[in-house]
Amino acid sequence: MDKESLSYVGRQLLLILIVLLLALMIFAAGLMIGYAVVGDGDNVWAILRPEKWQEIMGKFTGK
């Protein structure tokens with residue numbers, strides 16, 4: 001592969017990485033907004049903690 005091809009592949013991988021990061025940030029923002037509006041709304045950052053996710057999964061699995 002020549003230098004031009006590697007540059008193209010690198011730009012495409014960078015674009016994919018940027019899109020994935022933006023999607024993750026939008027997903028997290030949506031979780032926080034939804035938790036604040038529909039949930040208890042005390043702490044919007046609480047939805048991103050692992051303890052909260054264990055609690056949520058426990059409700060679905062019955063544990």
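1. Exposed surface. In this predicted model, the protein exposes about 5500 Å². Carbon and sulfur atoms supply 71% of that exposed area. Buried residues, for their part, make up 10% of the 63 residues in the protein.

2. Secondary structure and overall form. The protein contains two helices and zero strands. Its radius of gyration is 19 Å, whereas the globule rule gives 11 Å for 63 residues; the value is well over that figure, so the protein is more spread out than a compact globule. The box filled by the C-alpha atoms, taken along the principal axes, is roughly 55 × 25 × 15 Å.

3. Helix α1. This helix covers residues 3–37, and Gly 30 is found in it. How far apart in space are Gly 30 and Tyr 8, which are 22 residues apart in sequence? From C-alpha to C-alpha, the distance between Gly 30 and Tyr 8 is 33 Å. Gly 30 counts as partly exposed, because its relative accessibility of 40% falls between the limits of 20% and 50%.

4. Charges. The protein carries 6 positive and 6 negative charges. The mean position of the positive charges and the mean position of the negative charges are 3 Å apart. The student may next consider how individual charged side chains pair with one another. A search of the whole structure finds three salt bridges, and these are taken up in the points that follow.

5. The pair Arg 49 and Glu 51. These two residues form a salt bridge in which the closest N and O atoms are 3.7 Å apart. Arg 49 is partly exposed, with a relative accessible area of 41%.

6. Lys 52 and its surroundings. Lys 52 lies in helix α2, which comprises residues 50–61. Is Lys 52 buried or exposed? Its relative accessible area is 13%, and Lys 52 is therefore buried, since the cut-off for that class is under 20%. Leaving aside residues up to four places away in sequence, Lys 52 touches Tyr 35, Ala 46 and Ile 47.

7. The pair Lys 52 and Glu 55. The side chains of these residues meet in a salt bridge, with an N to O distance of 3.5 Å. Lys 52 and Glu 55 are separated by about one helical turn, because they are three residues apart in helix α2. Glu 55 counts as partly exposed, at 39% relative accessibility, whereas its partner Lys 52 is buried.

8. The pair Glu 55 and Lys 59. Which other side chain does Glu 55 meet in a salt bridge? The partner is Lys 59, at an N to O distance of 3.8 Å. Glu 55 and Lys 59 are four residues apart in helix α2, so about one helical turn separates them. Lys 59 counts as exposed, because its relative accessibility of 65% is over the 50% limit. Salt bridges that share partners join Lys 52, Glu 55 and Lys 59 into one network.

9. Points to retain. The protein has two helices and zero strands, and its C-alpha atoms fill a box of roughly 55 × 25 × 15 Å. Within helix α2, Glu 55 forms salt bridges with Lys 52 and with Lys 59. The residues of this network range from buried Lys 52, through partly exposed Glu 55, to exposed Lys 59.

Technical notes: Residues are numbered from 1 along each chain as its sequence is written. This is a predicted model: local features need pLDDT of at least 70, side-chain atom pairs count only at pLDDT 80 or more; totals for chains, interfaces and linings use all residues. Side-chain values use heavy atoms; hydrogens and water are left out. Buried means under 20% relative accessible area, exposed over 50%, partly exposed in between (1.4 Å probe, protein chains only). Contact means heavy atoms within 4.5 Å. The radius of gyration is taken over C-alpha atoms; the globule rule is 2.2 Å times the number of residues to the power 0.38. Accessible areas come from the Shrake-Rupley method with a 1.4 Å probe; for residues, only the protein chains shown count as cover. Lys and Arg count as positive and Asp and Glu as negative; His and the chain ends are not counted. The place of a charge is taken as NZ of Lys, CZ of Arg, CG of Asp or CD of Glu. A salt bridge is a side-chain nitrogen of Lys or Arg within 4 Å of a carboxyl oxygen of Asp or Glu.
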